[in-house]
Amino acid sequence: MRPRIWAPVWGVAFDEMGPQYGLLTQTSDMLEQHELFLTAVYGTGSSRLSTITRYVNHQFWPTLSLSYADVTQTHQYPNTIFPSTYFERAHRTGISAAFPWTVDFQGNFTVPTTLSVGLTFEDTDPVSQPAF
């Protein structure tokens with residue numbers, strides 16, 4: 001499996017100490033039965049790495065996905081007098097199954113449809129407190 005996409009990440013990711021810079025990539029095997037997505041950014045002010053990883057297995061029906069994220073989330077409190085921003089560290093683990101099928105409308109046209117079912121576990125830790 002070799003990377004199919006490489007792209008820099010800058011100007012879109014921030015933590016409580018400022019911007020984060022990094023790389024995102026996507027790879028799959030030749031038959032596209034296995035896919036791997038990875039985003040890694042580093043906070044220059046916080047000296048902390050944030051990652052988002054997702055694996056998708058298309059070999060079976062349903063399509064199975066596993067994901068993990070360790071990121072800084074930003075919450076805005078648009079109070080009219082004192083607007084504030086609150087940061088927290090989120091650790092997310094997920095698993096999902098996608099059941100794709102095609103609906104045929106009397107031979108006139110078909111519509112691809114997918115039903116997805118998943119479960120996500122999340123743990124958050126405050127990094128800053130809102131200034132109220």
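Is Glu32 buried, partly exposed or exposed? I started my notebook with this one, and the answer is that Glu32 is partly exposed, at a relative accessible area of 48%. The cut-off for exposed is over 50%, so that value falls in the partly exposed class. Worth writing down before anything else: I am looking at a predicted model.

**Entry 1: still on Glu32**

I looked up where Glu32 sits, and I found it in the loop between β2 (18–28) and β3 (34–43). Its backbone caught my eye too: phi of Glu32 is near 55 degrees, which is a positive value in a residue that isn't glycine. Then I went to Ser47, another non-glycine residue with a positive phi, about 55 degrees. Ser47 belongs to the loop between β3 and β4.

**Entry 2: the whole chain**

How many helices and strands does the protein have? I got zero helices and seven strands. Reading along the sequence, I wrote the pattern down as β-β-β-β-β-β-β.

Next I checked the overall dimensions. The radius of gyration of the protein is 19 Å, whereas a compact globule of 132 residues would come out near 14 Å. I also noted the box that the C-alpha atoms fill along the principal axes, roughly 60 × 35 × 25 Å.

For burial, I noted that 28% of the 132 residues count as buried. The protein exposes about 9,000 Å², and carbon and sulfur atoms supply 63% of that area.

I looked at contacts as well. Taking those with a separation of 6 or more, I found that 38% are between residues 24 or more positions apart. Last for this entry, charges: the protein has 6 positive and 11 negative ones, and their mean positions are 6 Å apart.

**Entry 3: aromatic rings**

How many aromatic pairs does a search of the whole structure find? It finds one. The partners are Trp61 and Phe99, and they meet edge-to-face, with 5.3 Å from centre to centre and 70 degrees between the planes. I wanted to know where the partners sit, and the pair turns out to link distant parts of the chain, 38 residues apart. Trp61 is in the loop between β4 (48–57) and β5 (63–77), while Phe99 is in strand β6 (residues 84–105).

I then compared their surroundings. Trp61 is exposed, with a relative accessible area of 56%, and Phe99 counts as partly exposed at 23% relative accessibility. Buried means under 20%, so Phe99 at 23% does not make it into that class.

Trp61 had one more thing for me. A cis peptide bond joins Trp61 to Pro62, with omega about 15 degrees. Pro62 is also found in the loop between β4 and β5.

**Entry 4: Ala69**

Where is Ala69? I found it in strand β5. Ala69 counts as buried because its relative accessibility is 7%, and the cut-off for buried is under 20%.

I listed what Ala69 touches, leaving out residues up to four places away in sequence: Thr51, Ile52, Ala90, His91 and Arg92. I also checked Ala69 against Val127, which is 58 residues away in sequence, and got 16 Å from C-alpha to C-alpha.

**Entry 5: Pro112**

My last stop was Pro112, in strand β7 (residues 109–126). Is Pro112 buried or exposed? Pro112 counts as exposed because its relative accessibility is 69%, and the cut-off for exposed is over 50%.

Which residues is Pro112 in contact with, leaving aside neighbours within four places in sequence? I wrote down Trp101 and Thr102. As a distance check I took Gly22, which is 90 residues from Pro112 along the chain, and the two C-alpha atoms are separated by 35 Å.

Note on methods
Residues numbered from 1 in each chain as written. Predicted model: local features only at pLDDT ≥ 70, side-chain atom pairs only at ≥ 80, totals over all residues. Heavy atoms only, no water. Helix = DSSP H or I, 4+ residues; strand = E, 2+ residues; numbered from the N terminus. Rg over C-alpha atoms; globule rule 2.2 N^0.38 Å. Buried < 20%, exposed > 50% of the residue type's maximum accessible area, 1.4 Å probe, protein only. Contact = heavy atoms within 4.5 Å. Areas by Shrake-Rupley, 256 points an atom, 1.4 Å probe, with all protein chains shown as cover. Lys, Arg positive; Asp, Glu negative; His and termini not counted. Charge placed at Lys NZ, Arg CZ, Asp CG, Glu CD. Phe/Tyr/Trp six-rings, centres within 6.5 Å; stacked < 30°, edge-to-face > 60°.
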